[in-house]
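The following note is offered to a colleague who is meeting this structure for the first time. It takes up helix packing and then a pocket.

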Amino acid sequence: MAGRFPPRTPTTRTTVRGGHVPVPATADAQPNQDEVQDLDPGPETATATATATTPDLGLTLGPLRRGPADPTFRVTPDGSVWRASRTPAGPGTIRVAVRDGRLAAEAWGAGGPWLLDRLPALTGAEDDPTAFVPRHKLLAATHRRRPGLRLTRTGLVLESLIPSVLEQKVTTDEAYRAWRLLVRKYGEPAPGPAPDGMHVMPEARAWTLIPSWEWHRAGVDDKRAATIVRAARVARRMEEAADMAPAEARARLELIPGIGPWTSAETIQRSNGAPDEVTTGDLHLPGIVGWALAGDRAADDAAMLELLAPYAGQRHRAARLILLSGRVPPRRAPRMTPGNIARL
């Protein structure tokens, strides 16, 4: 039986931060005639192309997916990556693909033009991978094998902040389930011809109106729910952080009780495309970095930061490359058992 099925890709939080979402290799194929007809719903559709070095969409956009059933993110067999976002202009859907070696995108909904305007930042055009200088053979090898890795910048804070809060101190399966249930129930269907089941996350006010029993049914405890509500009540101030320097942006987010260094780093890495914002306070990351660079699986945050010091300015990229290398310490304990507060 061992050889009959492909190995299951682990869905740990650190694997997601490594950001490898498989995208079919048929991305360069032209869509068939039926597909072209489906993707032409009317005046809300637009197209855009990018002539810069084509990124690897699976690596670049992968960190934005919150689990394999994320209703805001989908990869289709033709190699397209679909995202549904709530922009300052309203809900929008964007479809990004690689066609003939170039980026191509279509967008729908009130937020479609906003998403297209920010396509270069989303696909890593503002990122400079040449600024990273490997100083360890593992990082050098991984950097060489992943030439298409770019750091995305969404320009949207709340869509990364809320799922990051949901991931606090729980297993990824619990966090993904909560995000999936809440977005599907309180969000809205993605505009345009998006794949079935895609939704735009709820608007800020809708998050504040979710009743306590619905948080409970989604497996979200009162502390995390209260943190999300506090952030949603000052959504405009939170979104301003997308245009700030990373350190200032993190300080803005951490003014909210319940948002600490771990959550702010996880958010700013995505919303601001910050290459130096390494995550501290993580259960697994220090041990993974310590094991990869020094054979020290017991490394703490201080030891991790010391090991990453030679990559100042690019520490987040270094951490992602370590995660993508697959070099992790062997497991010594069983996986954490997911809880279910909805049964209480």
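1. Helix α7 crosses helix α14 in a right-handed sense. The model is a predicted one. In it, α7 spans residues 158-166 and α14 spans residues 261-271; their axes lie 9 Å apart, at an angle of about 145 degrees.

2. On the α7 side, the contact with α14 involves S160, L161, S164 and V165. These residues meet W262, T263, E266, T267, R270 and S271 of α14. Sorted by class, this contact comprises 3 nonpolar, 5 polar and 2 charged residues.

3. Helix α7 also packs with helix α8, which covers residues 172-186. The two axes come within 8 Å and cross at roughly 135 degrees; α7 and α8 are therefore oblique to each other. This crossing, too, is described as right-handed.

4. The contact between α7 and α8 is formed by E159, I162, P163 and L166 from α7, together with A175, A178 and W179 from α8. By class, it holds 6 nonpolar residues, no polar residue and 1 charged residue.

5. A further partner of α7 is helix α11, residues 222-233. Here the packing angle is about 165 degrees and the axes are 9 Å apart. The two helices, α7 and α11, are therefore roughly antiparallel to each other. Helix α7 passes α11 in a right-handed crossing.

6. In the contact with α11, α7 contributes L158, L161, I162, V165 and L166, while α11 contributes R224, T227, I228 and A231. The class division is 7 nonpolar, 1 polar and 1 charged. Residues L161 and V165 of α7 take part in this contact and also in the one with α14. Likewise, I162 and L166 of α7 meet α11 and are found in the contact with α8.

7. Which elements give two or more residues to the lining of the second largest pocket? They are β3 (81-87), α4 (112-117), α7 and α12 (235-239). Helix α12 supplies the largest share, 3 residues. Helix α7 thus appears in the pocket lining as well as in the packing with α14.

8. The second largest pocket encloses about 430 Å³ of space. Its lining consists of 23 residues, and P88, W114, G155, L156 and E239 are those nearest the centre. By class, the lining has 10 nonpolar, 3 polar and 10 charged residues.

Definitions and conventions
Residues numbered from 1 in each chain as written. Predicted model: local features only at pLDDT ≥ 70, side-chain atom pairs only at ≥ 80, totals over all residues. Heavy atoms only, no water. Axes fitted to C-alpha atoms, helices over the stretch in contact; angles between N-to-C directions. Helix = DSSP H or I, 4+ residues; strand = E, 2+ residues; numbered from the N terminus. Left-handed = near helix turned anticlockwise from the far one by under 90°. Contact = heavy atoms within 4.5 Å. Nonpolar A, V, L, I, M, F, W, Y, C, P; charged D, E, K, R; others polar. Parallel < 35°, antiparallel > 145°, perpendicular 65-115°, else oblique. 1 Å grid on protein atoms, 1.4 Å probe; cavity = no way out; pocket = protein on both sides within 12 Å on 5 of 7 lines; lining within 4 Å. Points joined across faces, edges and corners; volume = space filled by probe spheres on them.
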